[in-house]
Structure formats: structure tokens, C-alpha cells
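I opened a fresh page for a protein that is new to me. My plan is to look up a few residues, one by one, and write down what I find.

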Amino acid sequence: QVQLPESGGGLVQAGGSLRLSCVASGLTFSWSALAWFRQAPGKEREFVAAVIWTGVSTVYADSVKGRSTISRDNAKNTVYLQIDSLKPDDAAVYYCAAKPGPLDHYSASYPRNYDYWGQGTQVTVSS
């Protein structure tokens, strides 16, 4: 059974930073594409970032590009998302997603291409 529990969410002031973690179990982590999505109330689930295949290739949404870093630690089966210079628009429930095998850059941003999802962690940004 694949599990992707997220952690690291909470209340952060605008301009601050946060680091989310997702510890995967039940899948071949090093062989999986991993991503973060987010969903704000009343909005569709939105792609944030992905690290695909070998871990040296990353994809970012324009909304977080330049102030966000996704990384993976295959020894710990963990994927991280660091977001700096947080804005109120970053407030959402953040979800970890995984797909065994590689994804191309185009496919990595679509939720339908991921097989497994975490339960989400809430991020609130105060202005």
C-alpha cells in the first residue's frame, strides 16, 4: 500500500518561508516521478512543482518559479518543497503526488498523470 503523508504546513507570515516534506512508502521511490500540487478553497487543484525521473530534472509552475525548490532524498524516500517569499495566494492545501516511472516535463504538471496522492497539509499565509 502506497502512503504519502505530508508534513510542514502551518501558519506563515507573508514574505516568510516554509518547507514541506512527504515521506513515501510502498513504492520504488527512486524510480518515481514526484510532485507537489495545491488546492485553495473553490479552486481546482493546481500544479506547483515536480521532480521527474533521476531527480536532476525539475519543473515549476510560473506562480512559484524562482522562489521555490523541489528536491528529493532517495535514501530517505522523501520529497521536499521549499517556498520562499510566501504570498497570500500561496495559501492552500498542499498535496504530494507520485507516479512510478518517469514523466516528461509536459505531463508532469497534470494531476491525472499521478497514481498516488497524500492527504494534504494546510498552508495558511497571513498578510
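**Entry 1: a buried pair.** I began with two charged residues and found that Asp 90 and Arg 67 are both buried. I should say early on that this is a predicted model. Next I asked what joins Asp 90 and Arg 67. I found a salt bridge, with the closest N and O atoms 2.8 Å apart. Then I looked up where the partners sit: Asp 90 is in the loop between β8 and β9, while Arg 67 is in the loop between β6 and β7, so their pairing ties together parts that are 23 residues apart in sequence. A general reminder to myself: side chains of opposite charge can pair when their charged atoms come close.

**Entry 2: confidence.** Before going further I checked how far the predictor trusts its own work. The mean pLDDT of the protein is 94, and 98% of the residues reach 70 or more. I also wanted to know which element has the lowest mean pLDDT. That is strand β6, residues 57-60, with a mean of 92. The highest mean among the elements, 98, belongs to strand β10, residues 116-117.

**Entry 3: the other salt bridges.** How many salt bridges does the count come to? I noted 4. One of them joins Glu 46 to Arg 38, and the closest N and O atoms are 2.8 Å apart. I compared the surroundings of these two partners. Glu 46 is partly exposed at 33% relative accessibility, whereas Arg 38 is buried at 5%. Another salt bridge is formed by the side chains of Asp 62 and Lys 65, at 3.2 Å from N to O. Here I looked up Asp 62 and found it exposed, with a relative accessible area of 66%. I then returned to the pair from my opening entry. Arg 67 and Asp 90 belong to a network of salt bridges that also links Arg 38 and Glu 46.

**Entry 4: a charge without a bridge.** Glu 6 caught my eye next. Its place is in strand β1, residues 6-7. Is Glu 6 buried or exposed? Glu 6 is buried, yet has no salt bridge. I searched for the nearest side chain of opposite charge and found Arg 45, 7.6 Å away. A salt bridge needs the nitrogen and oxygen within 4 Å, so that distance does not qualify. What I did find is a polar atom of the Glu 6 side chain lying 2.8 Å from the backbone nitrogen of Cys 96. I listed the company of Glu 6 as well, leaving aside neighbours within four places in sequence. Its contacts include Ser 21, Cys 22, Trp 36, Tyr 94, Tyr 95 and Cys 96. Gly 118, Gln 119, Gly 120 and Thr 121 are also among them.

**Entry 5: the disulfide.** Two cysteines had turned up in that list, and I followed them. A search of the whole structure finds 1 disulfide. It joins Cys 22 to Cys 96, with the sulfur atoms 2.2 Å apart. The link spans distant parts of the chain: Cys 22 is in strand β3 (residues 18-23) and Cys 96 is in strand β9 (residues 92-100), 74 residues apart. Why do I call the disulfide left-handed? The torsion about its S-S bond is about -80°, and therefore it is left-handed. Both ends are out of reach of the surface by the area values: Cys 22 is buried at 1% relative accessible area, and Cys 96 is buried at 0%.

**Entry 6: loops.** I finished with three loop residues.

- Tyr 106 is in the loop between β9 and β10. Tyr 106 counts as exposed at 58% relative accessibility. Its side chain makes a polar contact with the side chain of Tyr 110, at 3.3 Å.
- Asn 77 is in the loop between β7 (68-73) and β8 (78-83). Its phi is near 50°, a positive value in a residue other than glycine. Asn 77 is partly exposed, with a relative accessible area of 25%.
- Ser 85 is in the loop between β8 and β9. Phi of Ser 85 is near 50°, again positive in a residue other than glycine. Ser 85 counts as partly exposed at 43% relative accessibility.

Methods
Residues numbered from 1 in each chain as written. Predicted model: local features only at pLDDT ≥ 70, side-chain atom pairs only at ≥ 80, totals over all residues. Heavy atoms only, no water. pLDDT = per-residue confidence, 0-100. Helix = DSSP H or I, 4+ residues; strand = E, 2+ residues; numbered from the N terminus. Buried < 20%, exposed > 50% of the residue type's maximum accessible area, 1.4 Å probe, protein only. Lys, Arg positive; Asp, Glu negative; His and termini not counted. Polar contact = N/O pair within 3.5 Å; in protein donor to acceptor, adjacent residues only side chain to side chain. Contact = heavy atoms within 4.5 Å. Disulfide = S-S within 2.5 Å.
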